Amino acid sequence: MEQLKVILGERSYPINIGSGIIEKDNIFAPLKSGNQAMLVTNKTLANLLKDKVFFQLRKSGIKVDQVIISDGEQFKTLNEVEMVISALLEKKHSRDTTLIALGGGVIGDLAGFSASIYQRGVRFIQIPTTLLSQVDASVGGKTGVNHLLGKNMVGSFWQPSSVIVDIDFLKTLPHNELISGISEIIKYAIVFDENFFNWLENNIEKILLLDHESMCFCIKKCCELKSKIISLDEREKNFRALLNFGHTYGHAIEAHAGYGSWLHGEAISVGMVMASRTSELLGYLKKVDYNRILSLLKKVGLPIKGPKNMSAVAYLPYMMRDKKVISGEMRLVLPISIGKAKVFTGIDKNIILTAIKDSQ
């Protein structure tokens, strides 16, 4: 087992990464024997992994209840938050309880947000089960739910007490979910680390085959990069915005298509193509780098074209509701080379529209 740490003073927490680590002693720390907890998961994982985790929690002497919600991005709503809160109240969970999120980004965001508002804030632990949540969503304390008019528009910053990344859980993933997670891995490489991008170009087949060593390396690399950013800029006042590369365009696709129609990583893949094309049109990103990004995404099997039934103009209202918009000014994260990105403002809307049209 490897352990990284997100450094946030008194709110610092560990990220534990390894194979079969859910069975390790004290893995649920800071939970101790006799503590109360609520496991939050979905119907799919209730059949696949819940009993195993439940057994380990009870073996550790933790008094654990459960709440099971429907599976899918379309269920990441305030209705489900109310379900979690109601379960906590019905089972008489007090202020010293801990919510445990067993699932992907939807469960992690939803359980984390519920933890942030229940009795004005209780602890929560992340046990991410998808590649996307293991490399990105479970780390950093962004929690929230969707609104009909925009993704993740209702939420809070609420850091977990720990993150438990058991790589064995990836064996339960459908292939399209695995591919969706690789999209976020590629994001980290484009934004922060050219050498990592080069490594991905040469090793992507191993990741697609769930090669243990390659997967460990990837997950650890992404968690290291994100931990560093979170420690420097927890509330996204500066550097952390770079993690949204591709997301302004991608969130527009998700909201327009209806949550759950596109997997998050699929939408972000197209978003990264659109952002890269925007940068190329502005004269920053070289054509050769743009083509390398396209080539890697295609090699993985990720989409590089937006929905056929969504016009370029249809993106703009969603993009203008993006959380990075300040004083009516759209801010976009664009790569200026592989391994380096910047936040830009004041980009001509015609260039943005051209980039979207070129990726349709």
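**Close-up views of helix H9 and other sites**

**Figure 1. The end of helix H9.** Gly258, which comes just after H9, adopts a positive phi of about 100°. The model shown in this and every other view is a predicted one. Helix H9 spans residues 247-257 and is mostly covered, with nine of its 11 residues buried. The buried residues are His247, Thr248, Tyr249, Gly250, His251, Ala252, Ile253, Glu254 and Ala255. Several elements pack against these buried residues of H9: strand E8 (150-157), helix H6 (175-192), helix H10 (264-281), helix H12 (312-320), strand E10 (331-337) and helix H13 (349-358).

**Figure 2. The three residues of the UniProt "binding site" annotation.** In an unreviewed UniProt entry, the annotation "binding site" covers Glu184, His247 and His264. Although these residues are spread over 81 residues of sequence, they cluster in space, and the largest C-alpha distance among them is 10.3 Å. Where do the two histidines lie? His247 belongs to helix H9, and His264 has its place in helix H10. Are they buried or exposed? The cut-off for a buried residue is a relative accessible area under 20%. His247 counts as buried because its relative accessibility is 6%. His264, at 15%, therefore also counts as buried. Leaving aside residues up to four places away in sequence, His247 touches Glu184, Lys187, His264 and Ile268. With that same exclusion of residues up to four places away, the contacts of His264 are Leu132, Lys151, Ser180, Glu184, His247, His251 and Glu254. His247 thus touches both Glu184 and His264, and His264 touches both Glu184 and His247.

**Figure 3. The C-terminal domain recorded in UniProt.** An unreviewed UniProt entry places the feature "domain: 3-dehydroquinate synthase C-terminal" at residues 181-325. Over residues 181-325, helix accounts for 69% of the chain and strand for 0%. The end C-alpha atoms of this stretch are 26 Å apart.

**Figure 4. The largest cavity and its lining.** Rolling a probe the size of a water molecule over the atoms reveals where empty space remains. How many cavities of 30 Å³ or more are counted? The count comes to one, and the largest cavity holds about 90 Å³ of space. Its lining consists of Leu149, Gly150, Lys151, Met153, Thr248, His251, Ala252, Ala255, Tyr318, Arg321, Asp322 and Lys323. The elements that give two or more residues to this lining are E8 and H9. H9 supplies the largest share of the lining, four residues. Sorted by class, the lining has five nonpolar, three polar and four charged residues.

**Figure 5. Members of the largest nonpolar core.** The largest nonpolar core contains 78 residues. Which of them touch the most other members? They are Ile15, Leu131, Ile186, Leu200, Ile219, Met319 and Ile352. Ile186 serves as an example: not counting residues up to four places away in sequence, Ile186 touches Phe197, Leu200, Met272, Leu296, Leu297, Val300 and Leu302.

**Figure 6. Backbone features in three loops.** Most residues other than glycine have a negative phi, and most peptide bonds are trans. The following sites depart from these patterns. A cis peptide bond, with omega about 15°, joins Ala29 and Pro30. Pro30 is located in the loop between strand E2 (13-18) and strand E3 (36-42). Lys92 is not a glycine, yet has a positive phi of about 55°. The loop between helix H3 (78-90) and strand E5 (98-103) holds Lys92. Lys92 counts as exposed because its relative accessibility is 70%. Leu210, likewise a residue other than glycine, has a positive phi near 60°. The position of Leu210 is in the loop between helix H7 (194-208) and helix H8 (212-232). With a relative accessible area of 32%, Leu210 is partly exposed.

**Figure 7. Phe217 and its contacts.** Phe217 is a residue of helix H8. The relative accessible area of Phe217 is 37%, so this residue is partly exposed. Phe217 touches Phe196 and Trp199, not counting residues up to four places away in sequence. How far is Phe217 from Ala137 in sequence and in space? The two residues are 80 residues apart in sequence, and their C-alpha atoms are 17 Å apart in space.

Notes: Residues numbered from 1 in each chain as written. Predicted model: local features only at pLDDT ≥ 70, side-chain atom pairs only at ≥ 80, totals over all residues. Heavy atoms only, no water. Core = buried A, V, L, I, M, F, W, Y, C linked by side-chain atoms within 4.5 Å. Buried < 20%, exposed > 50% of the residue type's maximum accessible area, 1.4 Å probe, protein only. Contact = heavy atoms within 4.5 Å. 1 Å grid on protein atoms, 1.4 Å probe; cavity = no way out; pocket = protein on both sides within 12 Å on 5 of 7 lines; lining within 4 Å. Points joined across faces, edges and corners; volume = space filled by probe spheres on them. Nonpolar A, V, L, I, M, F, W, Y, C, P; charged D, E, K, R; others polar. UniProt positions renumbered as here; feature names shortened; annotations may be inferred.
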